[in-house]
Amino acid sequence: MGTLRAGIVTVTPFQENCAILFDEEDKCGVVVDPGGEADRILEAIDKAGARIEAIWLTHGHIDHVGAAMELKGALGVDLVGPHEADRMLLQNLEAQARMFQLAAPLRAVTPDRFLVEGETVSFGDHVFQVLHCPGHAPGHVVFYNDNAKFAHVGDVLFNGSVGRTDLPGGDHATLIRSIKDKLLPLGDDVGFLCGHGPGGRFGDERRNNPFLTGPVGE
């Protein structure tokens, strides 16, 4: 098994972290959450020499899927995820664009398949467990690789913070339960990438994140 590598392309005014996950040796990989600026993402893929096999989506918010259909067309690969509970978000990107006063026309995102809790997705020898972690968005999923002790958590958890819950379908208590019940038990040594800003380790968040030090919902 080759080493799992991750490249980040920070895109759009939302400063969203589009991730390129790939195997260091054979270069097979995936793109996670192409939020926009497809040309820049394609340039980063070429620079890394990655051979993209699929596009994975953590959830249906516009800042994470804005370039999904364009990139799917350019790469000729399947669009996988998130959980079906985000179907309405993916089909109503125009409404999301109006909410954020974005003028650019957007196509509805139609995944080739949705994901469910407990299944796995993979590229090469790198297998990721799918964890359904609602709260920020109803259909949000997290991708966890046990061998590498690595998780892509999207907008569920941040370094020193948690995902916002004031958007349609959000719920703070549900989000905190997702983190405490599904992510933190994976272990303090698990490193994570998130949808915005720097990543971190679960142990540091468990000990220091002010949103996680009190009872669920506080």
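Here is a short chat about how some labels in this predicted model come about.

Me: What should I know before starting?
Reply: It's a predicted model, where local features need pLDDT of at least 70, side-chain atom pairs count only at pLDDT 80 or more, and totals for chains, interfaces and linings use all residues. Residues are numbered from 1 along each chain as its sequence is written, and side-chain values use heavy atoms, with hydrogens and water left out.

Me: Why is strand β8 called largely enclosed?
Reply: Buried means under 20% relative accessible area, exposed over 50%, and partly exposed in between (1.4 Å probe, protein chains only). Five of the seven residues in β8 (residues 126-132) are buried, so the rest of the structure largely encloses this strand. Strands here are DSSP runs of E, at least two residues, and helices are runs of H or I, at least four, numbered from the N terminus.

Me: What makes β7 and β8 a pair?
Reply: Two strands pair if DSSP finds at least two bridges between them. Strand β7 (residues 120-123) has four bridges to β8, therefore they count as paired, and they run antiparallel. T120 stands opposite Q129 in β8.

Me: How do you know that A68, M69 and L71 sit on the same side of α3?
Reply: These three residues of helix α3 (residues 68-75) are buried. They cover an arc of only 165° around the axis, so they share one side of α3; the arc is that of the directions from the helix axis to the C-beta atoms. On the other side, G73 and A74 are exposed.
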